[in-house]
Amino acid sequence: MSFEAYMSWVLTTPLNQIMDRYPVCHDFFQNLRIGELHTELTLENALSHVDSELLQEFGMEKHDILREFCEFLTAFGREAEQGVRVRTVTILGGTDKAGDSEVKEWSISVGEIISVVGPTGSGKSRLLADIECLANGDTPTGRKILIDGRALSDEERFYMEGRLVAQLSQNMNFVMDLTVREFLEMHARSRMSQNMEHTVKRCYEQANELAGERFGWDVKVTQLSGGQSRALMIADTAYMSASPIVLIDEIENAGIDRRKAIDILARKEKIVLISTHDPLLALRADKRIVIKNGGVNRMIDTSSEEKLCLEEVEKLDAVLYWMREKLRRGEELKRELLVK
Amino acid sequence: MKLITVAGPPSSGKTSVILKLAEALSIENGKMGVVKFDCLTSFDHFRYEEKGIPVKTGFSGKLCPDHFFVSNIEGSVNWGLHSGFQLLITESAGLCNRCSPYIRGVLSVCVIDNLSGINTPRKIGPMMKMADVVAVTKGDIVSQAEREVFAFNIRQVNPSAKIIFINGITGQGATILAKQVQDAAEITSLRDSRLRFTTPAAVCSYCTGETRIGEEYQMGTMKKMEFKGDRV
């Protein structure tokens, strides 16, 4: 709906009907410290009962509120209706630091897992930044990013840039003083989720499945163990994040099932990029991108031989996982179990 | 010359954002200048000087920082024009969380950090509400969910602002801000331009040096809290 459409809706509809449809509107009035509103009236009429001195503190007159409320509805209505949808991202190559051409064109699609390899400083973050800002030949690399096979209009670009990429790295922590339930509900609300309860529940269950040790609804997110909070972050990104692309910067071995974690993201229609040198993760990807001297040097499809390597690595990983579990339970390890 | 006003709470990362912006813009050395408006002390000029960016620092001292800004912004612009800058950035700390040193027609950027509490965007007021761009820093150390909820709370207060996450250490996100700056208006003078929001009103006895507490010492513009019904 357009701004004008919202305006005529707001002018003719009692406020309580609007608020029932978009509960987020409560926040709009809280932000202006307007507590008691006659919501059975239209906003225009309800405002005539509000102390205008209060509004002046916010630098507003009554007609400003009406306009801002409609802007608010337009912004959040758009959020709820469309969000950011992407099926494929295509990168048209530019040049590396020496000015040499990089891989000409490559694409990543929803459900795909791509690993990104290369030493620190090789240009991994530059690549990500180019995707994030929807480069259009206007960044140092000269790359161009196409969405679903086409260049975006200015308006689409403005709306999407900075919203495409969700990031997960081991430096991230929870800082909010909320319980797991409050945290998930808050995030779901901000996404204007239609089916909030269901999403929150699925997300919680998934996080618990990933975490080595279960955690309850009423634990503070800041008190979760490393593995638990990583598991919650991954499940939350899969189920609730607005961004279609997920960049994972090394998931540490903090007692979560990393393979399952990545599968969940891919299954939830995300485009997954993992920056990692961990063979278990890198070989699990469909392709890997080699970054060298600021450019994409090569694109390698994971070969069948590499898939066999992966099987071996998975066996090793299973042994490690099993040993960790034994130690956790306070048991002793035996050498012969290693040989198997 | 382009002018940008940058405001934000203390230690939110204003200087880092400006420095990363300068890198992303790749403006010729000496063609970009900064005016730092601060209250009592400031150490940021060292960081600008280190990068070869000309900087002037002004201290509001015992005056309201907002009033201090308005009365010095024209002088700042003249300094920028005479120095032949292509870009002048003013940086001010929003000391009472209300300071909104934004001018109509001049690109305004509010810098706020992701660690400052999830409801902070809803509390800051005009400094956030009136900004064209809200730059969020320190997002690299909190979860994706917290970044998204934070952005949601910003959008509530200012639905039309462009929200940009900027990593003040790696500079990630600065390119997006640079694009906004490239589209900013050119100015030659600020004479007769208007502020976007009124500065805090305050002409009372305390403004003029009163320190004693008590009704009889309070004169001028005062505002009283209500404690109706409570036993005080």
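How much area is buried between chain B and chain A? About 3,200 Å², with carbon and sulfur atoms giving 54% of that. Keep in mind that you're looking at a predicted model. We'll come back to that interface after a walk through chain B.

**Stop 1: the sheet**

Select the strands of chain B and colour them one by one. Seven of them make an open sheet, and reading across you get β3-β2-β4-β1-β5-β6-β7, with parallel pairing. Go to the edges: β3 (55-59) and β7 (162-165) of chain B each have a pairing partner on one side only. Now look at how the strands fan: neighbours in this sheet are turned by 20° against each other on average, ignoring direction.

Zoom in on one edge. Strand β2 of chain B, residues 32-38, pairs with β3(B) in the parallel sense, and five bridges link them. To find your place there, pick B:V34, whose bridge partner in β3(B) is B:V55.

**Stop 2: helices on the sheet**

Next, show helix α1 of chain B, residues 14-25. This helix packs on the sheet and touches β1 (2-8), β2, β4 (87-93), β5 (107-113) and β6 (133-137) of chain B. Compare directions and you'll see α1 making about 165° with β4(B).

Then select residues 65-82 of chain B, which is helix α3. It lies across β1, β2, β3 and β4 of chain B and runs at about 160° to β2(B).

**Stop 3: over to chain A**

Turn chain A back on. Here 28 residues of chain B are in contact with 51 residues of chain A. Across this interface, there are 17 residue pairs in polar contact, counting pairs with both residues at pLDDT 80 or more. On the chain B side, the elements giving two or more residues are α6 (144-157) and α7 (174-182). Colour α6(B) before anything else: it gives the most, with 10 residues. If you colour that side of chain B by residue type, you'll get 11 nonpolar, seven polar and 10 charged.

**Stop 4: salt bridges**

The whole structure holds 32 salt bridges over all chains, and three of them cross between chain B and chain A. Show side chains for B:K179 and A:D138, which meet in a salt bridge at 3.8 Å, N to O.

Last, select B:K129 and A:E68. Their closest N and O atoms are 2.6 Å apart, making another salt bridge. B:K129 sits in helix α5 (residues 126-129) of chain B and A:E68 in helix α6 (residues 62-81) of chain A, so this pair joins two chains.

How values were computed. Residues numbered from 1 in each chain as written. Chains lettered and ligands numbered in written order. Predicted model: local features only at pLDDT ≥ 70, side-chain atom pairs only at ≥ 80, totals over all residues. Heavy atoms only, no water. Pairing = 2+ DSSP bridges. Helix = DSSP H or I, 4+ residues; strand = E, 2+ residues; numbered from the N terminus. Axes fitted to C-alpha atoms, helices over the stretch in contact; angles between N-to-C directions. Contact = heavy atoms within 4.5 Å. Buried area = accessible area lost by both parts, 1.4 Å probe. Salt bridge = Lys/Arg side-chain N within 4 Å of Asp/Glu carboxyl O. Polar contact = N/O pair within 3.5 Å; in protein donor to acceptor, adjacent residues only side chain to side chain. Nonpolar A, V, L, I, M, F, W, Y, C, P; charged D, E, K, R; others polar.
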